[in-house]
Each structure stands twice: as C-alpha cells, then as structure tokens.
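Here are some exercises to work through with the model open beside you. Try each task before you read its solution.

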Amino acid sequence: MPRGGATLEQSASEKHYLMKAPADGKGMRHFRFTRRRKEKLLFDTEDGGMTAYVCCRYENQKGDVGQWGPVASALIP
C-alpha cells in the first residue's frame, strides 16, 4: 500500500494496491499457497517505501481452510 493509500488508478492496476489497511485476510487480493515453514517475499524496486501487509491461515490436504490470523505489516525497504 502506498503512503496514504492507493488512488483509484493504482487500485485498479495490475498490482491491485490497497486503498486502506486491511482488517483481515479477506480484503487482500494476492494469495500464495506454500507448505514451507518460511517463505521469502520479493518486491519490485518501485515498491520501496510502501507498506506490505501479510495475513496467514491454514489449509489441510482436503482444501479445508481455517480462520484468518492477525494482519502483520512491514515497510518495504
């Protein structure tokens, strides 16, 4: 999310920047499934200075999903 939130154009762009901080995982548009204990997140250079939000939930082998966890945020260097 850019500082102060995304504009309508940024929100509708390919990257789907956020207009406001998400309250839970439902408001996030990028999803990644992994079975790893650690996952590296890579960002483009032009995203430096923006805030990244992450929220996790468990999914079992059958595809059943659990509750969303807390939302964490970090500044992209």
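**Exercise 1. Find what share of the residues counts as buried, and describe the surface.**

Step 1. Apply the cut-offs for relative accessible area: buried is under 20%, exposed is over 50%, and partly exposed lies in between (1.4 Å probe, protein chains only). Of the 77 residues of the protein, 18% fall in the buried class.

Step 2. Turn to the exposed area, computed by the Shrake-Rupley method with a 1.4 Å probe, where for residues only the protein chains shown count as cover. The protein exposes about 6,600 Å², and 53% of that comes from carbon and sulfur atoms.

Step 3. Keep the origin of these values in mind. This is a predicted model, in which local features need pLDDT of at least 70, side-chain atom pairs count only at pLDDT 80 or more, and totals for chains, interfaces and linings use all residues. Residues are numbered from 1 along each chain as its sequence is written, and side-chain values use heavy atoms, with hydrogens and water left out.

**Exercise 2. List the secondary structure elements in order and say where confidence is lowest and highest.**

Step 1. Take helices (H or I, at least four residues) and strands (E, at least two) as DSSP runs, numbered from the N terminus. The protein has 1 helix and 2 strands, and from the N terminus on they run α-β-β.

Step 2. Now bring in pLDDT, the predictor's confidence in each residue, from 0 to 100. Its mean for the protein is 82, and 90% of the residues reach 70 or more.

Step 3. Compare the elements: confidence is lowest in α1, with a mean of 69, and highest in strand β2 (residues 72-75), at 91. Where pLDDT is low, the predicted coordinates should not be read in detail.

**Exercise 3. Trace the salt bridges.**

Step 1. Look for a side-chain nitrogen of Lys or Arg within 4 Å of a carboxyl oxygen of Asp or Glu. The whole structure yields 2 such salt bridges.

Step 2. Start at glutamate 39, which is partly exposed because its relative accessibility is 31%. Its side chain meets that of arginine 32 at 3.2 Å, N to O.

Step 3. Glutamate 39 also pairs with arginine 36, their closest N and O atoms being 3.1 Å apart. Arginine 36 has 60% relative accessibility, so it counts as exposed.

Step 4. Put the pairs together: Arg32, Arg36 and Glu39 form a network of salt bridges.

**Exercise 4. Why do cysteine 55 and cysteine 56 not form a bond?**

Step 1. A disulfide needs a pair of cysteine sulfur atoms within 2.5 Å. The structure holds 0 disulfides.

Step 2. The closest cysteine sulfur to that of cysteine 55 is in cysteine 56, at 6.6 Å, which is too far for a bond.

Step 3. Check their surroundings: cysteine 55 is buried at 12% relative accessibility, whereas cysteine 56 is exposed at 54%.

**Exercise 5. Place leucine 75 and find which residues it touches.**

Step 1. Leucine 75 lies in strand β2 and is exposed, with a relative accessible area of 55%.

Step 2. Use heavy atoms within 4.5 Å as the test for contact. Not counting residues up to four places away in sequence, leucine 75 touches Gly49, Met50 and Thr51.

Step 3. Leucine 75 and threonine 51 are 24 residues apart along the chain, yet their C-alpha atoms are separated by 4.5 Å.
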